[in-house]
Structures are given as C-alpha cells and as structure tokens.
Amino acid sequence: DRTLPIDGRPTGVPVTSFEFSQSAIDSIQISGPYDGTVPDETPARARIFVCEPAAGREEAACAQKIVSTLARRAYRRPVTDVDLKPLLQAYEAGRQKGDFEHGIKWALEAVLVSPKFLFRVEQEPSGHPGQIVRVSDLELASRLSFFLWSSIPDDELITAATQGRLRQPAVL
C-alpha cells in the first residue's frame with residue numbers, strides 16, 4: 001500500500017491524503033453550480049447536519065458526529081479512528097478558512113474523494129488463497145443493497161451486518 005495525495009483544491013488549500021491499494025485515481029473534478037443560490041433547508045442538508053452546535057465549544061463534538069455519520073454511510077461500514085482522522089483534519093482546515101458549515105463542506109469533500117467511498121472492495125481473507133470463502137456480513141450488506149436498490153446500504157442494514165444478524169434466515 002502507498003499513500004498518494006488528492007489535490008484538486010486551489011492554491012493554498014491543504015491536501016488530504018488517503019491510502020490506496022491496487023488502484024489509483026488520476027483525477028476527479030466537480031464544478032458548479034455557478035452563481036447559484038443555496039436554499040436554507042433541504043432534505044439532503046437535514047441528512048448531513050444531524051446536529052447543530054449551539055455554541056463554539058460544541059462545534060468539535062457536533063462535527064465529529066456529522067463526519068462519522070457521513071463516513072459510515074459512505075464507506076458502508078462502521079468507521080474507525082483511523083478513518084476519521086483525515087476527515088476531521090479536513091474539517092479543521094475548512095473551519096479555519098470559514099465557519100462551521102465550511103469545515104463540514106471540506107470534510108464532505110474528503111469523504112467523496114476517498115477510495116473507501118468510490119470503490120466497493122472485498123478483501124480476500126488471508127490464509128485462503130484461491131479458495132471459495134464467505135463474504136463478511138458487511139460485504140454481504142453492500143452486495144444486497146447495490147443489487148436490490150442500486151445504492152449504499154441503509155443504517156438498518158449496516159446495523160444488522162455489524163451485529164452479526166444479517167445471516168440469520170429470518171433477517172436475511
């Protein structure tokens with residue numbers, strides 16, 4: 001494994017790096033909207049902002065809750081401190097340049113360019129090269145959701161997989 005920087009920001013904007021396995025992304029570019037207006041409240045915004053900090057001292061905890069919720073959905077599995085560290089660094093860098101929402105925007109951008117979001121990878125278990133093995137419950141949840149809904153697993157499916165209930169015939 002090697003670590004490569006993802007740098008699509010204008011000059012002076014920090015670079016967030018992620019670990020890549022066998023694949024690499026040459027570039028990703030998202031542009032626009034230009035001169036658009038942003039509505040105050042939307043269903044998508046409500047799903048992102050699962051909390052609103054009442055005061056400055058509550059921002060870090062709220063940002064961690066938002067970022068971990070976003071990453072859990074995007075990565076289709078529970079997230080670890082290792083997953084969250086670069087995302088929270090992106091939040092902090094964005095927060096220094098603007099307000100709380102600006103920090104969340106930078107963290108969201110980091111999630112969206114992460115290979116953990118862009119690729120659905122199933123790891124081959126060690127000690128079983130070339131053998132047929134069962135996929136993990138989380139991999140099964142991802143397979144089911146993309147097969148049935150063409151989308152990421154919802155919270156209920158991820159929770160069932162995490163708790164080891166997904167393989168139970170009644171649950172499946």
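Begin by selecting Cys51 and Cys62, which are joined by a disulfide with an S to S distance of 2.1 Å. The model you have open is a predicted one, and a search of the whole structure finds one disulfide, so that this pair can serve as the starting point of the tour. Look along the bond between the two sulfur atoms: the torsion about the S-S bond of Cys51 and Cys62 is about 115 degrees, and the disulfide is therefore right-handed. The pair links distant parts of the chain, since Cys51 lies in the loop between helix H1 (43-48) and H2, whereas Cys62 belongs to helix H2, eleven residues apart.

If you now switch on a surface, are Cys51 and Cys62 buried or exposed? Cys51 has a relative accessibility of 18% and therefore counts as buried, and Cys62, at 5% relative accessibility, counts as buried too.

From Cys62, extend the selection to the whole of helix H2 (residues 59-75) and add helix H3 (residues 81-97), which packs against H2 at an angle of about 130 degrees, with the two axes 10 Å apart. With that angle, H2 and H3 are oblique to each other, and their crossing is right-handed. To see where the two helices meet, show the side chains of Glu59, Ala63, Gln64, Val67, Ser68, Ala71 and Tyr75 on H2, together with Asp83, Leu84, Leu87, Leu88, Tyr91 and Arg95 on H3, which make the contact. Colouring these residues by class gives eight nonpolar, two polar and three charged residues in the contact of H2 with H3.

Next, move along the chain to helix H6 (residues 137-149), and select Phe146 within this helix. Phe146 has a relative accessibility of 30% and therefore counts as partly exposed. Which residues does Phe146 touch, not counting those up to four places away in sequence? They are Arg76, Arg120, Ser151 and Ile152.

For the last stop, keep H6 on display and add helix H7 (residues 155-162), whose axis comes within 8 Å of the axis of H6 and crosses that axis at roughly 155 degrees. This angle makes H6 roughly antiparallel to H7, and the crossing of H6 and H7 is right-handed. Show Asp137, Leu138, Ala141, Ser145 and Trp149 of H6 with Leu157, Ile158, Ala161 and Thr162 of H7, because these are the residues within 4.5 Å that make the contact. By class, the residues of the contact of H6 with H7 divide into six nonpolar, two polar and one charged.

Methods:
Residues numbered from 1 in each chain as written. Predicted model: local features only at pLDDT ≥ 70, side-chain atom pairs only at ≥ 80, totals over all residues. Heavy atoms only, no water. Axes fitted to C-alpha atoms, helices over the stretch in contact; angles between N-to-C directions. Helix = DSSP H or I, 4+ residues; strand = E, 2+ residues; numbered from the N terminus. Parallel < 35°, antiparallel > 145°, perpendicular 65-115°, else oblique. Left-handed = near helix turned anticlockwise from the far one by under 90°. Nonpolar A, V, L, I, M, F, W, Y, C, P; charged D, E, K, R; others polar. Disulfide = S-S within 2.5 Å. Buried < 20%, exposed > 50% of the residue type's maximum accessible area, 1.4 Å probe, protein only.
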